[in-house]
Amino acid sequence: SPSSLGPAAMVAYWRQAGLSYIRYSQICAQVVRAAMKPQYKAEAERAAMATVKTLKPKKE
Amino acid sequence: SFYISIFTNLILPQSKQKRKFILRLKSIKNIQKITKSMKMVSAAKYARAERELKPARVYGTGALALYEKAEIKAPEDKKKHLLIGVSSDRGLCGAIHTSIAKTLKNEITNLSNAGKEVMVVGVGDKIRGLLQRTHGNYLLLTFKEVGRRPPSFGDASVIASELLNSGYEFDEGSVIYNRFRSVISYKTDEKPIFSLETVAGSESLSIYDDIDADVLRNYQEFTLANILYYSLKESTTSEQSARMTAMDNASKNASEMIDKLTLTFNRTRQAVITKELIEIISGAAAL
């Protein structure tokens with residue numbers, strides 16, 4: 001785990017908080033989109049929408 | 001249809017036959033209309049998918065560049081393998097789903113025979129359907145609602161996150177998808193994915209500057225999302241072009257059937273009229 005690395009290791013604050021890089025970049029992108037001008041914002045939010053659903057197989 | 005009405009009015013004893021015939025003709029014409037409209041819809045979706053594929057390819061080739069340049073290979077003794085089959089939920093697109101399922105089944109057999117542990121992730125309900133009966137115990141996760149809307153990076157992120165949180169610590173894996181070549185051709189392709197330990201343990205990585213465990217871990221997670229995004233984009237474009245082709249063939253077959261049926265219909269109609277005429281004439285001659 002990252003917190004078990006030596007003192008010289010540069011572990012990002014978000015990693016220490018338990019976020020993965022994917023989640024971190026998603027949040028950053030959300031912030032950027034929220035800061036966009038209205039005419040570009042709607043288009044960007046539409047393009048970024050995720051529609052996939054997960055299905056975990058039932059354990060017999 | 002003027003002839004159809006004459007036929008129905010004059011020749012009553014064959015009414016059951018001709019009704020069946022007319023119904024059949026009507027149903028084939030309806031099917032042809034449906035397949036034609038499906039082709040138009042697919043053509044529009046294909047145009048959009050191909051347009052969005054061009055910038056998306058950069059993400060995939062960029063992410064894979066490190067693996068290729070550093071020639072990263074998993075050591076032979078590594079046991080845990082992951083297969084990700086990328087397809088969609090909807091059918092009527094030719095051999096799109098079956099080619100992915102076939103490749104997956106072959107890979108499962110090969111890897112199991114080599115003594116490796118294999119798990120499969122299906123992106124798209126069709127993969128689950130094709131694999132569940134015979135290889136159901138290899139299915140780790142399935143994703144549905146794929147194919148309804150064009151895939152976004154958000155979709156790839158969801159899939160990548162679920163994979164990383166699944167608890168299955170794979171050493172290496174492959175993404176199996178349909179790579180788009182042209183409107184009429186696509187090819188089932190395979191791209192590698194590696195675990196953090198495999199990449200970190202690779203000797204050639206020492207030539208790169210400023211790589212520590214944290215950077216590598218971030219890069220690995222992001223690469224997984226990138227490769228999935230790339231394969232999703234390629235997959236949808238291939239699927240829409242295949243559906244266009246399949247629906248076009250279906251419409252052509254339907255027209256062929258309509259022509260053949262109309263010909264036999266007219267021939268039958270003319271034969272019956274001729275027979276009636278002969279009966280009338282021979283009857284008159286007997287008087």
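In this predicted model, 27 residues of chain B are in contact with 23 residues of chain A. The size of an interface is often given as the accessible area lost when the parts come together. By that yardstick, chain B and chain A bury about 2,200 Å² between them, and carbon and sulfur atoms account for 57% of this area. On the chain B side, the residues that lose the most area to chain A are Lys144(B), Arg149(B) and Asp214(B). Together these three residues supply 23% of what that side buries.

Polar and charged pairs also bridge the two chains. Nine residue pairs are in polar contact across the interface of chain B and chain A, with both partners at pLDDT 80 or more. Several elements of chain B take part: helix H4 (125-135), strand E3 (139-144), helix H5 (153-165) and helix H7 each supply at least two residues of the side that touches chain A. Helix H5 of chain B gives the most to that side, with nine residues. Three salt bridges were found across the interface of chain B and chain A. One of these bridges brings together the side chains of Lys56(A) and Glu162(B), with N and O atoms 3.5 Å apart.

Another salt bridge pairs Glu221(B) with Arg15(A) at 3.0 Å, from N to O. Glu221(B) sits in helix H7 of chain B, while Arg15(A) belongs to helix H1 (residues 13-16) of chain A, so this pair joins two chains. Are these two charged partners buried or exposed? Glu221(B) has a relative accessibility of 8% and therefore counts as buried, the cut-off being under 20%. Arg15(A) is also buried, because its relative accessible area is 6%.

Glu221(B) has a further partner within its own chain. A salt bridge connects Glu221(B) to Arg217(B), where the closest N and O atoms are 3.8 Å apart. Both residues lie in helix H7 of chain B, and the four residues that separate them correspond to about one turn of the helix. Unlike the buried Glu221(B), Arg217(B) is partly exposed, with a relative accessible area of 30%. These pairings belong to a wider arrangement: Arg15(A), Asp214(B), Arg217(B) and Glu221(B) are linked in a network of salt bridges. Asp214(B) thus appears twice in this account, as a member of that network and as one of the residues of chain B that lose the most area to chain A.

Over all chains, the search of the whole structure finds 15 salt bridges. Among them is a pair inside chain B, in which the side chains of Lys233(B) and Glu52(B) meet at 2.7 Å, from N to O. Which parts of the chain does this pair link? Lys233(B) lies in helix H7 of chain B and Glu52(B) in helix H2 (residues 15-69) of chain B, so distant parts of the chain are linked, 181 residues apart. The surroundings of the two partners can be told apart by their accessibility. Lys233(B) is buried, with a relative accessible area of 4%, whereas Glu52(B), at 24%, counts as partly exposed.

Chain B can also be viewed through its domains. The domain assignment gives domain 1 (2-40 + 245-286) and domain 2 (48-243). Their centres, taken over C-alpha atoms, are separated by 51 Å. Four residues of domain 1 of chain B are in contact with six residues of domain 2 of chain B. The two domains of chain B bury about 400 Å² between them, of which 57% is on carbon and sulfur atoms. Zero salt bridges are found across this interface, but six residue pairs are in polar contact there, both partners being at pLDDT 80 or more. Helix H7 (residues 213-286) of chain B gives the most to the side of domain 1 that touches domain 2, with three residues.

Chain A contains three helices and one strand. Read from the N terminus on, its elements run α-α-α-β. Of the 60 residues in chain A, 17% are buried.

Finally, the cysteines were examined. How many disulfides does a search of the whole structure find? The search finds zero disulfides over all chains. As for accessibility, Cys28(A) is partly exposed, with a relative accessible area of 33%, while Cys93(B) is buried, at 1%.

Methods. Residues are numbered from 1 along each chain as its sequence is written. Chains are lettered from A and ligands numbered from 1 in the order in which they are written. This is a predicted model: local features need pLDDT of at least 70, side-chain atom pairs count only at pLDDT 80 or more; totals for chains, interfaces and linings use all residues. Side-chain values use heavy atoms; hydrogens and water are left out. A disulfide is a pair of cysteine sulfur atoms within 2.5 Å. Buried means under 20% relative accessible area, exposed over 50%, partly exposed in between (1.4 Å probe, protein chains only). Domain bounds come from an automatic or database domain assignment. Contact means heavy atoms within 4.5 Å. Buried area is the accessible area (1.4 Å probe) that two parts lose on being put together, summed over both. A salt bridge is a side-chain nitrogen of Lys or Arg within 4 Å of a carboxyl oxygen of Asp or Glu. A polar contact is a pair of N or O atoms within 3.5 Å; within protein, one must be able to donate a hydrogen and the other to accept it, and residues adjacent in sequence count only if both atoms are side-chain atoms.
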